[in-house]
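Visitor: I have just opened this structure and would like some help reading it. Where should we start?

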Amino acid sequence: MADDKFDAIVVGAGLAGSACAYTLAKAGKNVLLVERGNTAGSKNVSGGRLYTYALELLEPDLYKRAPLQRKIVREQVMLLNERGATTIDYFNPDFGENIPQSYSVIRAVLDEWFAAEVEAQGGMVASGILVDGLIEENGKIVGILTGGEEMRADVVVAADGVNSLLGQKAGLFPDVKSHAVGVGVKETIELPDNLINARFGVTAEEGAARVAIGCTEGISGGAFLYTNKGSISLGIVFNPEQAAKQQRHIQDIFQDFKMHPAIQALIEGGTSVEYGAHLVPEIGYQGIPKQLHREGFLVVGDAAQFGINTGLIIRGMDLAIVSGLAAARAIIASPSTAEMGALYMKQLEELLLVANQRAYQNFHGIFEISRIFGGYPKLANDAMQFMFTVDGKTPTPMVKGLLRAVKKHATFGQMIADGWKAYRSL
Ligand SMILES: Cc1cc2nc3c(=O)[nH]c(=O)nc-3n(C[C@H](O)[C@H](O)[C@H](O)COP(=O)(O)OP(=O)(O)OC[C@H]3O[C@@H](n4cnc5c(N)ncnc54)[C@H](O)[C@@H]3O)c2cc1C
């Protein structure tokens with residue numbers, strides 16, 4: 001293998017790496033996809049909701065071949081206090097016109113399928129190999145190092161995830177900073193489909209995506225639940241700096257979330273089959289490094305810090321696929337390695353990845369409004385409790401009761417200030 005030279009070596013068989021390698025192999029390029037896990041996906045943790053347009057961009061109808069779980073037709077937002085839950089529920093069985101808008105996915109399954117698709121297109125997949133360095137000659141990246149072995153290629157694509165060792169080795173960016181990432185924990189709980197359908201109000205093929213706030217003890221962050229076939233993915237993502245300041249451990253917060261009566265009712269009787277923790281890019285556009293390429297080297301997916309988190313939606317997988325496609329197109333179209341970087345940036349623009357990132361560039365400001373993660377969910381639940389309580393005593397006038405609930409959690413001045421901050425972020 002050491003004597004072979006590839007057209008491209010892609011490091012990391014996540015969605016970014018496989019999308020890139022798939023497109024290159026399909027175009028007849030001699031591509032090697034290297035993965036440190038024993039199988040593609042074995043190291044991946046993800047809440048598991050994929051916006052399907054990205055697969056469609058890669059190849060029309062590819063999503064129909066992919067091992068997707070349930071089509072998401074129910075969007076639910078839960079505001080939690082200690083025991084109560086106020087849930088907003090949006091149902092639309094026709095979500096997405098030509099292609100369904102999103103599906104729940106299990107990454108171990110999806111990533112393995114994708115790597116097999118790369119092989120089916122003629123790409124080579126080498127798993128169980130940790131890439132620990134880059135080969136640089138005359139200012140250009142010309143290959144990778146793995147346990148002292150050299151492998152050479154015209155271009156190396158770093159698809160090695162959020163804490164990209166290769167991006168750092170290439171000198172493009174420093175270590176990941178804690179303010180720029182969230183910590184995510186995810187658990188998969190097996191549950192019979194009939195229980196999932198009944199508890200989430202969906203049919204066999206349909207799925208629900210639920211986000212929850214008010215479950216992180218005031219720390220910036222939130223929780224998610226996605227319905228799969230025969231299982232539920234649930235997890236929590238939050239700011240590690242704030243958690244450290246409050247000396248709170250992620251597993252304690254996650255445990256408390258699972259013990260909430262409204263969450264217990266959804267997962268009761270289930271069996272935990274997977275548990276993991278991972279970083280997730282959090283600050284979107286502002287977190288993307290200034291330079292995503294060098295001669296012979298491109299950075300894609302989480303490694304490039306592509307990610308959008310609106311509090312209601314976490315997007316990383318679709319952006320990983322789109323950026324992998326952008327890199328592959330640049331490699332295919334470039335007459336020489338010198339032009340690849342500029343072409344890659346152009347593709348990111350043309351495929352609207354940059355526009356999407358830019359559209360949410362100030363969104364992160366929302367997460368600085370601490371009351372969103374504590375006071376306001378409590379306020380909503382107190383207001384609900386007041387409105388639905390009937391105890392036969394002298395009734396409190398509606399407006400007075402509601403104002404009392406509001407005043408407990410925020411002053412009007414604070415609410416106006418928060419509203420203004422939210423408006424500016426949006
Ligand atoms: C808890 C949680 C929930 C999330 N929920 C969602 C969601 O619902 N929807 C969504 O769109 N996004 C979600 N995300 C984000 C999403 O998971 C990522 O954006 C996406 O996985 C990025 O894909 P990637 O291919 O760039 O990186 P990854 O999926 O991280 O893949 C990187 C691959 O590189 C391999 N690798 C790393 N280093 C090396 C090395 N040195 N040598 C060889 N191989 C290496 C890893 O093993 C891995 O397989 C979530 C993330 C977390 C943590």
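**A guided look**

Guide: Let's start with one residue: leaving out residues up to four places away in sequence, Ile 321 touches Leu 15, Ala 16, Ala 19, Ala 54, Leu 55 and Leu 58. Two residues are in contact if their C-beta atoms, placed from the backbone, lie within 7 Å. This is a predicted model, where local features need pLDDT of at least 70 and side-chain atom pairs count only at pLDDT 80 or more, while totals for chains, interfaces and linings use all residues. Residues are numbered from 1 along each chain as its sequence is written.

Visitor: Which residues have the most contacts inside the largest nonpolar core?

Guide: A nonpolar core is a set of buried Ala, Val, Leu, Ile, Met, Phe, Trp, Tyr and Cys residues joined through C-beta atoms within 7 Å. Buried means that 20 or more other C-beta atoms lie within 10 Å of the residue's own, these atoms being placed from the backbone. Here the largest core has 114 residues, and Ile 9, Val 11, Cys 20, Val 156, Val 157, Val 300 and Ile 321 have the most contacts inside it. Helix H10 (residues 317-333) supplies the largest share of this core, eleven residues. Helices are DSSP runs (H or I, at least four residues), numbered from the N terminus.

Visitor: How much of the protein chain counts as buried?

Guide: Of its 426 residues, 47% do.

Visitor: How is the protein chain divided into domains?

Guide: Domain bounds come from an automatic or database domain assignment. The protein chain has domain 1 (5-69 + 105-173 + 289-351), domain 2 (179-281) and domain 3 (365-425). Taken over C-alpha atoms, the centres of domain 1 and domain 3 are 45 Å apart.

Conventions:
A residue is buried if 20 or more other C-beta atoms lie within 10 Å of its own, exposed if 12 or fewer, and partly exposed in between; C-beta atoms are placed from the backbone. Helices (H or I, at least four residues) and strands (E, at least two) are DSSP runs, numbered from the N terminus.
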